[in-house]
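Grab a pencil and open the viewer. Try each exercise by yourself before you read its solution.

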Amino acid sequence: MKPASPHRFLWWRVRPVTARRLANFRAHKRGYWSMWIFAVLFVFTLFAEFIANDRPLLVWYDGGLYVPVLKDYPERTFGGDLPSDTDWSEPFIRDEIAKKGWMVWPLIPYSYKTPVKNLTRPAPTPPSWQNWLGTDYQARDVLARVIYGFRISVLFGLALTIASSVVGVVAGAVQGYFGGRVDLYFQRFMEIWDSVPVLYLLIILSAFIQPDFWWLLGIMLLFSWMGLVGVVRAEFLRARNFDYVRAARAMGASSPSIMFKHILPNALVATISFMPFITSGSIGSLTALDYLGFGLPPGSASLGELAKQGKEFATIAPWIGVTAFFIVAIMLSLLVFVGEAVRDAFDPRKAAVSSGAVAEPEQTSAATQESPAEEVAS
Amino acid sequence: MNAAAPTLLEVEDLAVQFRAGNARFDAVKGVSFRIERGETLALVGESGSGKSVTALSILQLLPYPAASHPSGSIRFKGDELMGAPEPVLRGIRGNRVGMIFQEPLTALNPLHSVEKQINEVLIVHRKLGRGAARQRTLELLELVGIRNAAKRLGAFPHELSGGQRQRVMIAMALANDPELLIADEPTTAVDVTIQAQILKLLKELQQRFGMGLLFITHDLGLVRHTCDRVAVMQSGRIVETGPVADVFKAPKHEYTQRLLGSEPRGTPAPVAAGAAEVMATDGFRVWYPIKAGIFRHTVDHVKAVDDVSIRVRAGETVGVVGESGSGKSSLGFGLLRLVESKGAILFAGRDIQPLRNAELRPIRREMQIVFQDPFGSLSPRMTVGEIVAEGLKIHGIGADDDARDAMVVDALREVGLDPETRHRYPHEFSGGQRQRISIARALVLKPKLIVLDEPTSALDRTVQVQVIELLRKLQRDHNLAYIFISHDLAVVRAMSHHVVVMRDGKVVEQGPTGEVLASPKEAYTRALLAAAFDFKADESGVVRA
């Protein structure tokens with residue numbers, strides 16, 4: 001039907017503006033590399049079960065292949081006596097398998113909740129060849145906890161960012177587009193809602209329930225969606241009087257179609273530039289809550305909990321605090337650098353860094369009027 | 001060159017190049033001209049011809065180093081300004097050479113009072129004390145014709161009208177008795193009646209102080225009435241220069257001839273007898289509420305359109321003329337129910353005022369609008385094809401995408417665009433082409449009525465003429481009714497059968513175009529015509545300063 005536009009990236013049509021933004025993003029070296037480092041770390045931790053686990057990845061035993069990392073097997077399978085799940089730290093089981101086959105262990109043979117047995121001294125123990133970042137006071141491997149903690153923090157941050165962006169964009173769009181009374185009452189409501197102290201609410205709540213991942217996400221979402229409303233609302237207030245929006249109205253387009261087709265693309269720029277900062281903010285909040293003890297349930301792999309231990313054992317186990325500090329600092333710095341690059345990429349005042357595209361829509365009035373000759377020819 | 005009295009300003013082989021990344025753009029390519037004392041030179045050209053860049057390079061005000069001068073020499077009374085050190089340039093800028101910009105609202109600092117703005121120039125260059133500076137500022141404001149000057153000293157730019165702001169700018173430029181005044185489109189942002197006053201003022205001041213005046217404009221009519229010599233610029237070059245009378249009588253260069261030939265002329269095709277009435281309204285009002293308090297209750301109204309009655313027949317153009325703030329655009333928006341209004345709007349015999357949005361949607365197809373700003377009226381994120389096809393989709397016209405695509409192709413062809421352009425984005429087009437896209441977007445729905453809100457105001461004269469011809473042709477072919485909103489009387493004369501003169505939301509005068517323009521009954525219409533066609537300021541007091 002429609003002939004393919006020359007610039008395509010997979011199914012996605014790359015417009016000149018987008019191409020310029022990508023070029024600008026790449027030109028921001030620090031942000032560009034941060035994005036890759038962060039992406040690699042994130043993908044790596046997504047497979048945490050295959051990297052740090054207290055059960056083998058693969059077992060070859062007595063002519064059969066087993067995948068304990070994905071499935072539980074009763075101890076009987078491997079020559080034990082009990083019908084219960086295999087305890088892989090048992091020396092007996094290990095010997096049994098070593099005799100009749102082999103097994104492949106993950107890089108770090110501990111999960112975030114595995115107490116490390118046969119430590120040479122009482123936990124917490126300092127970094128060693130067995131435990132690269134040492135163990136914490138419950139004799140759990142710190143590196144394993146960091147890997148799982150990184151994953152849960154980033155997932156929480158991303159989930160909260162996406163959810164609050166969706167809610168925030170919709171709320172901002174409705175307020176900005178309809179304006180008037182809708183806007184007025186919504187704004188007053190937000191002023192009140194914004195002044196609810198979230199921390200106390202969580203403290204009170206934690207007296208009644210044990211907050212888990214989803215509870216926390218829900219509660220935080222109740223308050224975090226307001227961050228984007230301001231920008232989106234401003235974009236919609238501005239854009240609803242644009243001539244092309246008027247033209248769409250004159251054509252009989254419905255409000256939702258105008259909002260999402262004509263105005264939202266303008267507001268998305270602001271939204272996307274904010275997103276990395278919201279993510280780092282969300283991760284920071286989760287860590288803080290865990291640190292205070294109002295966050296994820298006890299025992300979960302959490303960077304905040306690690307930081308808390310770091311404080312409690314500052315003198316006898318400094319490696320815990322140092323690890324917690326560096327991992328949080330690195331993660332948040334990477335996100336902020338990515339955010340800076342994204343912000344620069346969307347900045348219309350930043351001209352194209354790469355050669356080529358000089359005329360661009362954001363700078364039109366000066367740039368494109370230069371062609372009266374072309375006009376006469378048409 | 002006479003050693004005793006060197007030429008006031010001599011520009012020789014000036015070139016300006018802009019750089020962005022690896023791309024280079026030559027804005028000015030070897031321009032030479034001179035201005036003597038007491039002389040007015042007009043630099044005329046269309047947008048993008050390099051006239052403003054030339055003016056800015058005289059005072060070395062371009063964004064260096066993005067801009068550079070590959071060649072050229074600029075001598076002010078024999079002194080070379082090109083590459084002169086900053087302190088020398090500062091001693092000349094605002095002191096011996098004054099400059100007036102096009103848009104006074106952005107050229108004045110919004111946080112400084114009038115007094116402070118003008119004082120600054122005096123204090124910097126003349127090292128005057130506060131009291132002396134104030135005295136001189138008062139003198140200047142009186143000189144540029146600001147009434148009650150002493151009271152206006154403390155006023156901020158937003159408290160002044162467009163004309164007053166331009167006068168303040170002139171006062172600033174004149175503060176140190178400059179020998180040369182550079183005026184960059186000084187009247188483009190103001191109404192015609194104000195334009196006439198400003199031109200008169202500049203002329204008087206020039207004669208009084210014997211200044212040289214470099215007048216940059218795109219308006220040839222204005223040049224004929226106010227300047228001594230003219231230099232015509234096209235794509236960075238001066239193609240013709242000479243005394244105004246000679247150039248206008250016998251233009252030598254083909255481009256000058258085309259410019260001079262591009263005054264909108266002709267009249268629209270007559271309306272068929274007994275043509276059906278497309279839109280009619282009586283006692284139509286658009287009142288914008290003024291709100292106050294926490295709960296924004298309405299305390300008063302801005303009567304943008306007050307008690308207006310007009311009717312349009314098929315194939316007829318009703319021209320709505322007025323200065324900025326006269327309510328002409330509000331009238332257009334109100335009639336299409338894009339803003340809230342009161343009073344019956346009969347569209348093809350049916351009152352559309354009480355209809356709900358859903359009921360109105362099918363009727364929207366038959367009444368369309370084309371906006372002034374060809375840059376703002378097209379969504380930058382949609383291709384031309386998507387923009388034109390959007391209305392078809394909304395109204396479910398055309399069986400499938402292919403059928404719609406065929407309609408888009410027809411519409412683009414009809415407005416004189418290559419249908420292949422439908423896969424491109426609006427920013428790739430010039431102003432005139434974008435305006436054609438806007439017209440295609442309206443036309444593809446086969447409307448009965450199109451409201452044209454200043455469709456030609458943002459375009460150069462040569463392009464304007466083409467758009468006017470296109471609109472007249474489309475009217476003939478499709479028997480369209482137009483409501484043509486404009487402040488430009490020359491364009492209105494060429495477009496409309498009937499003309500409505502508006503002021504402060506009320507109709508001052510209306511009637512057949514020929515009658516109203518030839519023998520206006522009202523004093524205001526007369527003042528408007530004198531200002532628009534003869535650049536004469538009205539003395540009777542109908543026009544505000």
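Helices and strands here are DSSP runs, with at least four residues for a helix and at least two for a strand, numbered from the N terminus. Keep in mind that this is a predicted model.

**Exercise 1.** Find the loop that holds B:Asp504 and work out whether this residue is buried, partly exposed or exposed.

*Solution.*
Step 1: Go to strand E20 (498–503) and strand E21 (506–512) of chain B; B:Asp504 is in the loop between them.
Step 2: Recall the cut-offs: 20 or more other C-beta atoms within 10 Å means buried, 12 or fewer means exposed, and in between is partly exposed.
Step 3: B:Asp504 has 14 C-beta neighbours inside 10 Å, so it counts as partly exposed.
Step 4: Now check the backbone. Phi of B:Asp504 is positive, near 50°. Most residues other than glycine have a negative phi.

**Exercise 2.** Do the same for B:Asp177: where is this residue, and is it buried or exposed?

*Solution.*
Step 1: Look in the loop between H7 and E8 of chain B.
Step 2: B:Asp177 has 11 other C-beta atoms within 10 Å, so it is exposed.
Step 3: B:Asp177 isn't a glycine, yet its phi is positive, about 50°.

**Exercise 3.** Step back into helix H7 of chain B and describe the surroundings of B:Arg167.

*Solution.*
Step 1: Helix H7 covers residues 162–174 and lies across E7 and strand E8 (180–184) of chain B, at about 170° to E7(B).
Step 2: B:Arg167 has 26 other C-beta atoms within 10 Å, so it is buried.
Step 3: Leaving out residues up to four places away in sequence, B:Arg167 touches B:Val144, B:Gly145 and B:Ile146.

**Exercise 4.** Which strands of the six-stranded open sheet in chain B stand at the edges?

*Solution.*
Step 1: Write down the order, E7-E8-E9-E3-E10-E11; the pairing is mixed.
Step 2: E7 (97–100) and E11 each have a single partner strand, so one side of each has no neighbour in the sheet, and these two are the edges.
Step 3: From one strand to the next, the twist averages 15°.
Step 4: Zoom in on E10 (residues 229–234) and E11 (residues 237–243) of chain B, which pair in the antiparallel sense over 6 bridges. B:Met233 has B:Ile238 as its bridge partner, and B:Val230 stands opposite B:Gly242.
Step 5: This hairpin has 2 residues between its strands, and B:Ser235 takes a positive phi near 35°.

**Exercise 5.** How many residues of H10(A) are buried, and what do they pack against?

*Solution.*
Step 1: The count is 8 of the 8 residues, so H10(A) is largely enclosed by the rest of the structure. Among them are A:Tyr244, A:Arg246 and A:Ala250.
Step 2: In chain A, these buried residues pack against H9 and H11. In chain B, they pack against helix H13 (357–364), strand E17 (367–370), helix H14 (384–394) and helix H16 (431–443).
Step 3: After H10(A) comes A:Gly252, with a positive phi near 95°.

**Exercise 6.** Which residues have the most contacts inside the largest nonpolar core?

*Solution.*
Step 1: This core has 168 residues, and the ones to list are B:Ala171, B:Leu214, B:Val388, B:Ala440 and B:Ile483.
Step 2: Apart from it lies another core of 44 residues, including A:Tyr148 and A:Ile327.
Step 3: Back to B:Ile483, whose contacts include B:Val312, B:Leu335 and B:Leu452.

Note on methods
Residues are numbered from 1 along each chain as its sequence is written. Chains are lettered from A and ligands numbered from 1 in the order in which they are written. This is a predicted model: local features need pLDDT of at least 70, side-chain atom pairs count only at pLDDT 80 or more; totals for chains, interfaces and linings use all residues. Two strands pair if DSSP finds at least two bridges between them. A nonpolar core is a set of buried Ala, Val, Leu, Ile, Met, Phe, Trp, Tyr and Cys residues joined through C-beta atoms within 7 Å. Two residues are in contact if their C-beta atoms, placed from the backbone, lie within 7 Å. Axes are lines fitted to C-alpha atoms, for helices over the stretch in contact, and angles run from 0 to 180 degrees between N-to-C directions.
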